[in-house]
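Thanks for coming, everyone. Let me put the structure up, and then we'll walk through a few places in it.

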Amino acid sequence: MTRAARFIVAGLVLASWSSAYGHGPRGRTVRAVVGATHVAPDGSLVDAGVVRIRNDKIAAVEAEEGAGGAGDVDRYPGAVIAPGLIDLRSAIGAVGYQDESADPIDAGASAASALNAGHRDFRTAVSAGVTTVMITPAPVNLVCGVAVVVKTAGGHGGALEVLRDDGPLVFSLGPSVWRSEQAPTSDTGAAQLLRATMDRAAAGDGHACLLAFANGSLDAVVYCARPMDVRTAISTLADSNRTLSVMHTGDEVGLLEGLINHNVSLVAGPMGFAESARTLRATATASSAGVRVALAGAVPWASSDSLRMTAALAVRGGMSPAAARAAMSTTPAGIAGVADRVGAIKPGLDADLVVFSGDPLRLDSRVLAVYVNGSRVYRAAE
Amino acid sequence: MSDTRRQRHQTACVRRAALPCLLGAVFAAAPASAQLFDSETVIRDARIITMNGAVIERGAVVIKGNRITNVTTGEPKMGLLTKVIDASDRTITPGLIDAWSAMGVMDRAVSSGEVTARAWDGFDRYDREAYREALAQGVTTLSIGSPVTRGITGTSVIVQLVPQAGGAAGEALDVGSALTINLDSGASASDRISVYQGVREQFRTARKYREALELYEEELEEYLEKLEARRKKEEGDAKEAKKDEGDSPAPKEKPDESGDEEQKEEKKQRRKRGGGSSEGQTDSSWMTQLIAAADDDDDASASEGDADDPTQPRPRRRGRRGGRAAGDPPKPEEKKADGEKKEDELKKPEPPKPDRKSEVLLRAIDREIPVRVRAERSADIENALILSDEFNLDIIIEGGTEAYLLADRLAEADVPVILGPIARTELYQDNEYRRHDPAAVAALRAAGVRWTVGSGGMSRSSARFVGLNAQLAAGHAGGGVDWLSLVTDRAAEILGIDRRLGRIQRGARANLVIWSGAPGEPDARVEQVYVDGQLAYRAPTGAGGGS
């Protein structure tokens, strides 16, 4: 074979090989998704249902369809278009794989290494309208490692699209971090160990992630099982130059002051029908007092409806419907540090959209279709 | 006529008229006197969702006592004593019904769950906070059964959250509304077998009890006839003897009197038994009863030659106890050789010992009460269908996690299903919810099964959000299912109380919820709740908080 021919053959083989493994077939990208109303970034319902899409991003949101153009338009009469929902407490695809409890300080562990991209829970999440999830190492260490934020669909070649894999840093406080053979064995031990760790990090001694959090360049979330864990978290971790969020579902209204004063966000949920009225009211009160509140669902431990159930219950507890809608997308995007990519229907963000048959806060609203990066990845059976 | 005479005449007239007038007033007022003290209440100018096919955009509901007496478009006629409640811009719906609830009973089963146990006995009226929260979400009526224990667990009760003194709530609409059976066997196959066989045995015992009763009735009739015949014969003999000897017939009257007395006693006992009351029995545990029943079964079957049931337990041989026990047919009398045959033939048959458990089960077999069977796994649901076939029961499936796998059979048998929580959290464990699928409701609907949702009967506090559970179900059912209907008229129809509850119509109980907006909208709040015509809840004014 001549040299040129060899090059051509090699090139063809390479091209076909890369298309098989590197990039999967691209989905049909639409030009616009048309409903009756859409959910604005602040969570309110706005009577403008035309979402224009270009290059996988949201290009514009309008009330009228206007002139035509290249590409398909998907129409859903009477529907409400919401941004893809974001669940911060998910363990999708990583159930059982993230527990690593040998070292209580494990900043190097990454949830990304535990992901099973082909897990069917991703499809379940998509069909419930959840397009982005934050997956963390299991909260069994004081310092658990870093979280990973991925999309539940729309990745290429069977892989997941990773929005972020360098954070936030994950802490945990509560009985689940105690050990029997090594420290910490108690609340005081945990608090003392955490404080010592942070002191060393502030002095420049420790894992890079810890140092970054200590000097304010990396954000963090902390799982708090009980109200006292929230207090410990605020006293040991919060600082004016740091970005911290607390994952806690509880009824202690006395914690709100600490959260507000230290500018700490709250991630509450999942909540179920047996949740106490006090917890529902406390969550709602936090939101109206000015705490940045995101709601979480915890798929797959909880059912795929759990994020919307939590939101509906928070509204019964007194949360404003707009804040509750924002708490399922805009606010969690901010807490996960991916607000420049997803979480709102705003020009420039990824075209991750959920088409609901009605207000997403109504539990009898159905998911009609889901779009990720402008391509439809789910369509409800008729 | 002179003045005085006129006066006297007038007084006399008045006096004469007074008595009839007074009597007339009393008689006229007597039947209405009760109503006189039940004043009318009108809730006016509201949007009324009647669940009866019509939505009245602006109308009124008229309540008197515990009933709805009228539903009108526009303004109704109002009397002097009518209390008027203005509900402009509000929406009125029937009170919500939780068709499968555990509200008001202990979370953990304390009772051993017997046939004669009544859920109503375990109901706590003073769980005030819980009732207030339920009413704050519009829930007025609950169907409550015994939780958790397996087998036949007793009878359920339908409770209305009618306000009682001291902030308590709860009145029974129907105390023994249904028999409850828990066939749920979790993941254990051996449990499934033993629980199912236990239930079957109790029903078979009930059948045998009825057979024994019927046999006793026949024998009693025969006995009385023979007694009558002998009495006549002896009368005849006595007359002849009298002719001859002139003896007093006194000694001959004895059989007469005793016959009458015995007849009276028998009639009394028959009447008592026919009432079929379900009073609690203070017997030993159901296990002993089961062994005893099986024991008698064994003896009876030995005498009847019924040896074809391999599933009957074989307890150790016990000596015959004094007297007869349930399920035993009277032994054939032994013939005495020396001419006492006559008396033996006329020995009064003994009634079977009263079996309160079988009496309850016979009401289910006679379809006087439905049978709610808790079953999640398809095998347990199948067993429920087989049980209902074998004993002609009117069953309702409670739970039905895997009912969608048997949807066609359930539709064919017209067995309704009351689902629990549509969103489950125990999905990664090997238990009865392993095959839980929210899409199951769509399958049930497509097959034409009658279904609704309750809160699930497991947690005391989830009854208040049965409406949200219904919304989830309506969503997963695929459009066209009204969530409100699931917890009002559909729940009432499946529970068999739809003439009294579930709709706003004349004659129905006055269970009404006044909402601030369209119920189901996220910011719609419950403002007032009426149960049986009484104001059971009023939302605190001011703060926007819900419960």
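Start with B:Asn469. Its relative accessibility is 2%, so B:Asn469 counts as buried; the cut-off for buried is under 20%. Keep in mind that this is a predicted model.

Where does B:Asn469 sit? It lies in helix H11 of chain B. Its side chain reaches the backbone oxygen of B:Gly420, at 3.0 Å. Now set aside the neighbours within four places in sequence. B:Asn469 is then in contact with B:Gly420, B:Pro421 and B:Ile422. B:Val453 and B:Gly454 are also among its contacts. And one contact is in the other chain: A:Phe273. For a sense of scale, take B:Ile68. B:Asn469 and B:Ile68 are 401 residues apart in sequence. In space, their C-alpha atoms are 28 Å apart.

That A:Phe273 contact brings us to the interface. How many residues of chain B are in contact with chain A? There are 31, and they meet 27 residues of chain A. The area buried between the two chains is about 2,500 Å². Carbon and sulfur atoms give 56% of that area.

Next, the charged link. The rule finds 1 salt bridge across the interface of chain B and chain A. Which residues form a salt bridge here? B:Glu521 does so with A:Arg362. Their closest N and O atoms are 2.7 Å apart.

Polar contacts come next. Between chain B and chain A, 7 residue pairs are in polar contact, counting pairs with both residues at pLDDT 80 or more. Which element gives the largest share of the chain B side? Helix H11, residues 466–476, with 7 residues. By class, the side of chain B that touches chain A has 15 polar residues, 10 nonpolar and 6 charged.

Stay in chain B, and move to B:Gln528. This residue is found in strand E15, which covers residues 526–531. Buried or exposed? B:Gln528 has 12% relative accessibility, so it counts as buried. Its side chain joins that of B:Tyr530 in a polar contact of 2.8 Å. Beyond the neighbours within four places in sequence, B:Gln528 is in contact with several residues of chain B. They include B:Leu512, B:Val513 and B:Ile514. B:Leu535, B:Tyr537 and B:Arg538 are on the list too, and so is B:Ile85.

Over to chain A, and a sheet. Strands of a sheet pair through backbone hydrogen bonds, either parallel or antiparallel. This one is an open sheet of 6 strands with mixed pairing. The order is E3-E2-E7-E18-E19-E20. Which strands are at the edges? Strand E3 (45–46) and strand E20 (375–379), each pairing on one side only. Look at one pair inside that order. Strand E2, residues 37–39, and strand E7, residues 80–83, pair in the parallel sense over 2 bridges. There, A:His38 stands opposite A:Ile81 in E7.

Last stop: A:Arg75. It is in strand E6 of chain A, residues 72–75. What does A:Arg75 touch, not counting residues up to four places away in sequence? A:Val34 and A:Glu65. With A:Glu65 there is a polar contact, side chain to side chain, at 2.8 Å. Compare A:Asp352. A:Arg75 and A:Asp352 are 277 residues apart in sequence, and 16 Å apart in space, C-alpha to C-alpha.

That's the tour. I'm happy to go back to any of these places.

Key. Residues are numbered from 1 along each chain as its sequence is written. Chains are lettered from A and ligands numbered from 1 in the order in which they are written. This is a predicted model: local features need pLDDT of at least 70, side-chain atom pairs count only at pLDDT 80 or more; totals for chains, interfaces and linings use all residues. Side-chain values use heavy atoms; hydrogens and water are left out. Helices (H or I, at least four residues) and strands (E, at least two) are DSSP runs, numbered from the N terminus. Buried means under 20% relative accessible area, exposed over 50%, partly exposed in between (1.4 Å probe, protein chains only). A polar contact is a pair of N or O atoms within 3.5 Å; within protein, one must be able to donate a hydrogen and the other to accept it, and residues adjacent in sequence count only if both atoms are side-chain atoms. Contact means heavy atoms within 4.5 Å. Two strands pair if DSSP finds at least two bridges between them. Buried area is the accessible area (1.4 Å probe) that two parts lose on being put together, summed over both. A salt bridge is a side-chain nitrogen of Lys or Arg within 4 Å of a carboxyl oxygen of Asp or Glu. Ala, Val, Leu, Ile, Met, Phe, Trp, Tyr, Cys and Pro count as nonpolar, Asp, Glu, Lys and Arg as charged, and the others, Gly among them, as polar.
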